[in-house]
Amino acid sequence: MARTSETERSEKEQNQAWDFGRFAQTLAFFETVPFLGNVSQWRAWLAPFLPPESLAIASPSQGTVLVIGATGNLGRRVVKLLLKQNYRVKALVRSHDRAAAIFNLKALAPGLGERLTLVIGDVTQSETLPPDLFDGVDAVISCLGAIVRPANPENREANYSQGTTYYEPAVIEATPEQVEYHGVQHLLERAQASQFPQANSHGIMDFRASNPHLAALWGALDDVVMGGVSQSGLRILPNTALFTGTVSTANSGGFVSIRTKNLEPPLDLSPYEGVQIRLKGDGQRYKFFLRDFPAWDGVGYACSFDTVADQWQTITIPFADLIPVFRAKRATQAPAFNPASVYSLQLMLSKFEYDGALNPHFQTGSFSLELEEITAYPERPWPRWIMVSSAGVTRPGTPEAETDPRPIVRLSEQLGGILTWKFRGEELIRHSQIPYTIIRPTALTEEPGQQPLIMAQGDTLAGKVSRDDVAQLCVQALQWPQATDKTLEIAQGDGGIVPQDWERGLELLPRD
Ligand SMILES: NC(=O)c1ccc[n+]([C@@H]2O[C@H](COP(=O)([O-])OP(=O)(O)OC[C@H]3O[C@@H](n4cnc5c(N)ncnc54)[C@H](OP(=O)(O)O)[C@@H]3O)[C@@H](O)[C@H]2O)c1
């Protein structure tokens, strides 16, 4: 009996009224019947999300580097090294006179003077930062830090020995919160308002902007085109968009999707390695498609991805992983995907994977996929923001803090939470979309450089490191794509990596 009623129900599901009206609407939306012009009319408002004509990320060699904290003990070394290596330097300083003395401006060798520009500003007061601070800047090296000096003013000059000789320290001038956190925030605001290379990724669709045009660009493409009854659509919410509806296997259907109209001209994503989608799903497996040909019913290039219910995720889809598919079957004879002409994007929830295999997480009924952004990410970007932070930043407030071998960890609270604010400044950079390298030195010294360096992750490294070597590493890392999106601690020591192999050492560290 049970089997019979099951069969009856299933038959009922198999035969439901098909909605011809929705079928016709779908065809009209995608211009398979003449209806609307192509998407060039949306080009203007899409423009902010589209890649610029040329996105090739060139080596910043001999480009312009903005050095923040340029008159600091580390920053001045960085400036001198950059000039020596033929970069142009924009130096953010608080005092022109002090900078002129430190860089001996009057006596700079011919050629060097023209390549060094001093820019006056205080990072704690955003209004003092010039609006064009990042104009023409190819990369940033930040040696910024709240000023910590021996508490006893008579010992201030002895600061250089910090790390080898202990002096009771104190924060003088602005607080770590103001410098290490709000200062970084102000700088990022300036960078983001300029042409400064923002990203190791580039926006294609920004659903956070609550743009009503997006609803007109994305249309439902459900199994109604094959007689099914599933229904879906894209709803524009205040800060996201929601791909939602109900999926049913009735009438041999079983898929819902949203797809863009054809983009004219197509997107050139050839400088990129793949796309990333920021989304929150419902635990089901979805598919993402790109098409490199304008035909409505042609081969699509697909990749499946699993969502975790109610959790924001960044799904990475390398172009190399896209499978050519025609009506849920692998198109084995199709050419490789051509990222130089992307005509449309599509998101799908389907009962099927490929070649008849079932989607293991598929469920009929309502579904929901919330979308924040679709971006393209480039191949091996160069780090554009080298940030000098500090070893120990993750430790204050942990049970091990009291026994941490690094004095700064125990002193952090007394110094206005310096490490905690440095860590929060790091987080701003990590989440900024700017390709970065965060270098966390152990105690800085005035000892000679060219030492073997231990490079580590996990924030347990203790010891000391020469400022000369930190400066050298910062400048060299500008040229190493494999340094991008990495955070590392450094200390000099036996068994460390000799300077000629630093690049390889950095390459071996995993990205954040
Ligand atoms: N010392 C150590 O043992 C140690 C260990 C690990 C990490 N670090 C970190 O390494 C970095 C460099 O260290 P360092 O010894 O070179 O430090 P530093 O000599 O104190 O230099 C700090 C730089 O930040 C600048 N600065 C501070 N407040 C500013 C503001 N409000 N606006 C604009 N610039 C401001 C200073 O400008 P002025 O030149 O005008 O003062 C200075 O150039 C810092 O982040 C430090 O925290 C230090």
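Reader: Which residues surround the ligand, and which are the closest?

Author: A residue is near a molecule if one of its heavy atoms lies within 4 Å of it. Here 26 residues surround the ligand, and the closest are T71, L74, R98, D122 and L144. Please keep in mind that this is a predicted model, where local features need pLDDT of at least 70, side-chain atom pairs count only at pLDDT 80 or more, and totals for chains, interfaces and linings use all residues. Residues are numbered from 1 along each chain as its sequence is written, and side-chain values use heavy atoms, with hydrogens and water left out.

Reader: How do the residues of the shell divide into nonpolar, polar and charged?

Author: Ala, Val, Leu, Ile, Met, Phe, Trp, Tyr, Cys and Pro count as nonpolar, Asp, Glu, Lys and Arg as charged, and the others, Gly among them, as polar. In this shell there are 10 nonpolar, 10 polar and 6 charged residues.

Reader: Which ligand atom lies 2.6 Å from a polar side-chain atom of T71?

Author: A polar contact is a pair of N or O atoms within 3.5 Å; within protein, one must be able to donate a hydrogen and the other to accept it, and residues adjacent in sequence count only if both atoms are side-chain atoms. For T71, the partner is an oxygen atom of the ligand. G72 uses a backbone N or O atom, 2.8 Å from a ligand oxygen, while a polar side-chain atom of D122 lies 2.7 Å from a ligand nitrogen. As for cover, the protein hides 89% of the 910 Å² of accessible area that the ligand has on its own, by the Shrake-Rupley method with a 1.4 Å probe.

Reader: Now to S389: is this residue buried or exposed?

Author: Buried means under 20% relative accessible area, exposed over 50%, and partly exposed in between (1.4 Å probe, protein chains only). S389 is buried, at 6%. Its side chain makes a polar contact of 2.7 Å with the side chain of E426. Taking contact as heavy atoms within 4.5 Å, and leaving aside neighbours within four places in sequence, S389 touches K422, E426, I438, I439, R440 and P441.

Reader: How many residues of helix α11 are buried?

Author: Helices (H or I, at least four residues) and strands (E, at least two) are DSSP runs, numbered from the N terminus. In α11, residues 467–477, 9 of the 11 residues are buried, including R467, D469 and L473. S466 caps the N-terminal end of α11, with a side-chain oxygen 3.0 Å from the backbone nitrogen of D468.
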